[in-house]
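Please look over the model shown below before reading on. This briefing is meant for a reader who is meeting the structure for the first time.

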Amino acid sequence: MHVNLYKCQEETTGADIWSRSRLRMDNGHWKPALVLVVVLLSTYVEASYSQHMDDFINAVRRVEDGDHGSDPLSVLRRLRMAAGLNDAFIGHFLGNAVGPEVDASLSGYLSKAVHHRVTEDAKEEGVVLTPDGTTVALAPLLLGIEAGFLAKTEGRVRGLYQLTLAKDLDSSPLLGPDGCWDSVTSPQVFTLMGSPSALTTARVNGGMDGVVLGMEVSTKGRRPLTLSGLLSEYYCGQLESEGLDTAPRLISRRRRENFRGLVSPPVLARQVVKAVELRRTLTGRSKMEVKEKKQLVALVKEGMKEFVHKYIDCPPIIPRCMWGAEPYRGTPTNLSLPLSFMFIHHTHTPSQPCLTFQQCATDMRSMQRFHQDDRGWDDIGYSFVAGSDGYIYEGRSWLQRGAHTLGHNSVGYGVSLIGDYATRLPSQHSMGLVRDQLASCAVGGGRLVADFVLQGHRQVVNTSCPGDALYDEITGWEHFGVKKGK
């Protein structure tokens, strides 16, 4: 799988189709020609636009350009109309979506891009691939932003949590899963990697982004001039050499940490219950009995524990299919959980930190080729790999034995940071992903024992890995120990 660097720039449109059809109009055949223009332009747009955030932003720009002087709220309402997001629950908070209809050449694409559903064969629609390699559902994102623009008081956004996340959190204690795109250069079809829940990972990502951006635009002084500008700034920012250590606050790579700073689990749980009560009212059903409400509250609390563990405590992990992994060669050996060790590595080669999804994915494929073709291993050796782009990349993952620490692969996870850290350190953010979030995620998920021992590769194998600078750093981390693995 090859990746392409999206920069959220404008692309060419169907101007040639329009000019050719103009000739027919000039010759007096204007009625058939006009119908032809609408059909051809709509077909052209749907065929030329992919399910990538870059293309969605370009479509938003076209909506804005078609109605000069329109403010972001007007554009959001037109998008909501095009996608058919106008049920009683949404209308309760946002009112009816009114205004001129979106150009016919765009309406088909926008409806497909925004309207969320999961098909019987586990295809998730209404989602787009973002430049950072994650997938977001557009409906909760746009609803959250629209709610933020309607806020009359800074930081107090009516319906924000219910429109973005809360109305789906009560449906099932199960969450996720994530999925795989058919292509990362021109994504069209997104297939889930397991049984779907009401709140897939893409919906969580879109909901979190809707909360973050909705809260941001609730402050009048921070309101952008255009919706496309807001989305471009959030999703398309490029990192400097220090990675997220010096990155702006409001970017998609900081999705989970920004959400964590805005929302407390008890508040979100209360909003879930309110969402259920509101749906009952809007459908004419009676209020819940006390016993029924207590059962709902207990169910929501359990579901909230899973939500917090999976999407707040754990770091965001890019699945194998997204970085283009080749299949495992042979039959994997399952680990016996929980494990007792985490072994820290550096990749050495690649020697430079990766700052984009595209570069990190390239590095992962390069390491897998080296491990499989040159060393004859079954797969990339590491359990997980940390980039400097804000993400952990899935290697052999939680359940399969790796090939990272000779003689100790069955007792611990091998986690590597991309780069050569003999004389310098990784970014503070990438180290935090491993030290704080990945380790906590492993313990909370029953994959590491609570008193696990963290060691550098060199402590148990004759090697300089993970580099002098990084090794000196990890000696000060919690759980670091000199106890030998077995």
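What follows is a short account of two pockets in this structure.

The model is a predicted one, and every value given here is computed from it. The largest pocket holds about 700 Å³ of space, and the second largest pocket holds about 460 Å³.

**The largest pocket**

- The lining of the largest pocket is made up of 30 residues, and those closest to the centre of this pocket are D178, T201, K310, I317 and W398.
- Two or more lining residues come from each of the elements α9 (201-217), α11 (255-262), α13 (290-313) and β7 (317-318), and α13 is the element that gives the most, with 4 residues.
- When the lining residues of the largest pocket are sorted by character, 14 are nonpolar, 9 are polar and 7 are charged.

**The second largest pocket**

- The second largest pocket has a lining of 23 residues, and F370, H371, R375, W377 and Y382 are the ones that lie nearest its centre.
- At least two residues of this lining are supplied by β8 (339-346), and at least two by α15 (357-374), while α15 gives the most to the lining of the second largest pocket, with 4 residues.
- Sorted by character, the lining of the second largest pocket consists of 9 nonpolar residues, 13 polar residues and 1 charged residue.

Conventions: Residues are numbered from 1 along each chain as its sequence is written. This is a predicted model: local features need pLDDT of at least 70, side-chain atom pairs count only at pLDDT 80 or more; totals for chains, interfaces and linings use all residues. Side-chain values use heavy atoms; hydrogens and water are left out. On a 1 Å grid over the protein atoms alone, a cavity is a set of points where a 1.4 Å probe fits but cannot get out, and a pocket is an open set with protein on both sides within 12 Å along at least five of seven lines; lining residues have an atom within 4 Å of a point. Grid points are joined across faces, edges and corners, and a volume is the space filled by probe spheres set on the points. Ala, Val, Leu, Ile, Met, Phe, Trp, Tyr, Cys and Pro count as nonpolar, Asp, Glu, Lys and Arg as charged, and the others, Gly among them, as polar.
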